[in-house]
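Me: I am in my first year and would like a close look at a single part of this model, namely the aromatic rings and the space beside them. Please take me through it slowly, in one connected answer.

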Amino acid sequence: MGAPRSKLVVLVGGSVRVRAMGTAARAAGLCRYISKCVQRVQSRPHSQDRNWEGSMKNDAFYIAKGSPGTKARWAVVACCAAAYFFDSYDMYILGITMQSILGDLNMTTAQGGLLSSATMLGAVIGSVFLGRFASNWGNKLCLVVCTAWIGIGSLAVVFVSSFPAWFALRVFTGMGIGGIMGPIHALIWQHWAPGHRAKITGVTFSTFPIAGIAASFMGKLMLVVDFRWIFVTAGLSLVVALIAQFAIPDDRHLVPAFQAKTSKNVEKVKLNEILVGNYKWITLFAIFASFSNMAACWAMNTWIPSWLMTDRGFDISQMTNFSILNYFGGLAGYLIWGVVGSKVGSGKAMVAAYALSAVALLAYIALPGGNYLLVLGPLLYFGQGGCGCLNSILFAEAYPERTRAYGSGTTFNVGRIGSIISPYSVALVGASCGLTAGLLMAPAFFAFGVVVSIGLNGVLRKQRTLEAAEADRP
């Protein structure tokens with residue numbers, strides 16, 4: 001009985017070995033098959049199959065390799081530039097029509113100043129709440145709403161006839177003004193490739209000085225009739241809002257609020273999200289940088305025209321011509337500094353722009369005579385245009401896509417507090433020491449901007465280091 005049992009064991013053992021060998025062979029064959037499949041997939045463009053690639057090419061936010069941006073990129077630039085034009089135009093025409101408003105409604109100079117402050121107060125409020133609206137509900141929708149908001153506020157001027165009504169209306173209009181910056185940043189980042197964003201941002205925001213030029217010409221034409229007609233022209237922003245609604249692709253499916261409905265891992269953007277970790281320092285330095293630019297800019301725009309007439313003896317026509325020349329310098333600044341920033345880095349370029357503005361403004365005020373103003377004026381506004389342009393670029397670069405509209409819009413517009421404080425500060429010093437002494441505060445604001453810009457560059461470098469370290473973690 002022992003022999004047969006041993007033969008049986010041998011037979012069974014041999015069968016097991018044969019089966020094991022067969023299983024190993026099949027496993028090896030399966031591995032080879034998988035390896036070939038992986039190689040075929042990897043040999044396809046971008047490691048994606050044709051169906052997926054074809055669907056991406058039809059996506060409104062698809063940027064092909066080597067392309068400057070999406071198919072809708074120029075429509076986005078046109079609509080954003082037009083929206084920012086009316087954002088700036090509304091602020092310029094308030095200054096141009098101020099004397100007519102004071103006379104028509106029998107307001108005091110102090111009340112007129114409060115109207116300007118009310119606009120900036122509304123902008124600060126709007127930047128916070130509408131910035132979050134853009135991040136949670138779509139940048140295109142926020143751009144359309146804010147552009148229409150400005151138009152409605154401008155047209156409503158026809159119906160107000162008292163200081164309280166004017167003040168409330170300026171706060172209302174200012175909220176739309178403050179909400180428009182963030183979505184413009186985010187839309188440019190969505191539709192343009194990284195190598196083109198800085199230049200396109202400069203082009204888009206160059207409508208700020210263009211709005212000043214247009215407001216000056218409209219003042220010459222319409223102040224002799226009725227100052228309200230100038231505000232009616234600002235109501236054309238409603239047309240821009242309508243065009244943007246149809247020309248810009250809807251991006252609501254990309255924002256956290258939409259994604260939160262389909263994924264438990266995505267949350268809406270919170271109010272304190274730009275104050276977490278190193279971002280609290282980025283936000284703080286960005287606000288101070290914006291404050292410096294806004295304080296110096298609106299000290300210049302408010303008091304340099306008066307200074308040209310009282311201290312340099314210009315008449316109204318000469319003052320207007322010099323102002324238009326200065327605005328052309330600002331236009332060149334917005335266009336050129338964006339290109340410079342793309343070559344040497346936006347952070348370094350912003351430090352240089354603040355430094356140039358501080359030196360040029362100091363020379364503009366301190367040197368005697370008037371002929372040099374033909375050169376120093378455009379140079380000064382060229383530098384200030386660089387500050388505004390590079391603020392816009394760097395603030396957008398500082399935040400991730402999730403909080404870009406909220407972060408960049410909030411930092412830029414909270415800095416508008418500087419535009420509330422500086423005109424009164426210059427007037428206060430000027431009342432006791434002369435307007436020249438008061439205007440010397442403006443180059444001090446630019447100098448403060450140099451220091452703050454250096455600090456902002458430092459915290460941005462730290463953020464890039466933290467992100468690189470996070471990416472290297474297993």
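Reply: What follows goes from the ring pairs to the cluster they build, and then to the cavity and its lining.

Please keep in mind throughout that this is a predicted model, and that side-chain atom pairs count only at pLDDT 80 or more. A pair of aromatic rings is described by the distance of the centres and the angle of the planes. Rings are paired here if their centres lie within 6.5 Å, and by this rule the count comes to 21 aromatic pairs.

Take Y92 and W298 to begin with: the centres of their rings are 6.1 Å apart and the planes stand at 50°, so this pair is tilted, given that edge-to-face needs an angle over 60 degrees and stacked one under 30. Y92 belongs to helix α3, which covers residues 73-96, while W298 belongs to helix α14, which covers residues 279-310, so the pair ties together parts that are 206 residues apart in sequence. Both Y92 and W298 are buried.

Another aromatic pair is formed by Y327 and Y381, with 6.0 Å from centre to centre and 90° between the planes, an arrangement that is edge-to-face. Here Y327 lies in helix α15 (residues 316-344) and Y381 in helix α17 (residues 373-398), so this pair ties together parts that are 54 residues apart in sequence. Y327 is buried, and Y381 is buried as well.

These four residues also belong to a cluster, since ring pairs link Y92, F208, W298, Y327, Y334 and Y381.

Now turn to the space beside the rings. The structure holds 3 cavities of 30 Å³ or more, and the largest cavity has a volume of about 80 Å³. Among the residues that line the largest cavity are F208, W298 and Y334, and these three names also appear in the cluster of linked rings. The lining further includes Y84, M91, N293, M294, C297, Q384, G388, F412 and R416.

As for the helices behind this lining, α3, α14 and α17 each supply at least two residues of it, and α14 gives the most, with 4 residues. The helices that hold Y92 and W298, α3 and α14, are thus two of those that supply at least two residues each to the lining of the largest cavity. Helix α17, which holds Y381, is another of the helices that supply at least two residues to that lining.

Methods: Residues are numbered from 1 along each chain as its sequence is written. This is a predicted model: local features need pLDDT of at least 70, side-chain atom pairs count only at pLDDT 80 or more; totals for chains, interfaces and linings use all residues. Side-chain values use heavy atoms; hydrogens and water are left out. Buried means under 20% relative accessible area, exposed over 50%, partly exposed in between (1.4 Å probe, protein chains only). On a 1 Å grid over the protein atoms alone, a cavity is a set of points where a 1.4 Å probe fits but cannot get out, and a pocket is an open set with protein on both sides within 12 Å along at least five of seven lines; lining residues have an atom within 4 Å of a point. Grid points are joined across faces, edges and corners, and a volume is the space filled by probe spheres set on the points.
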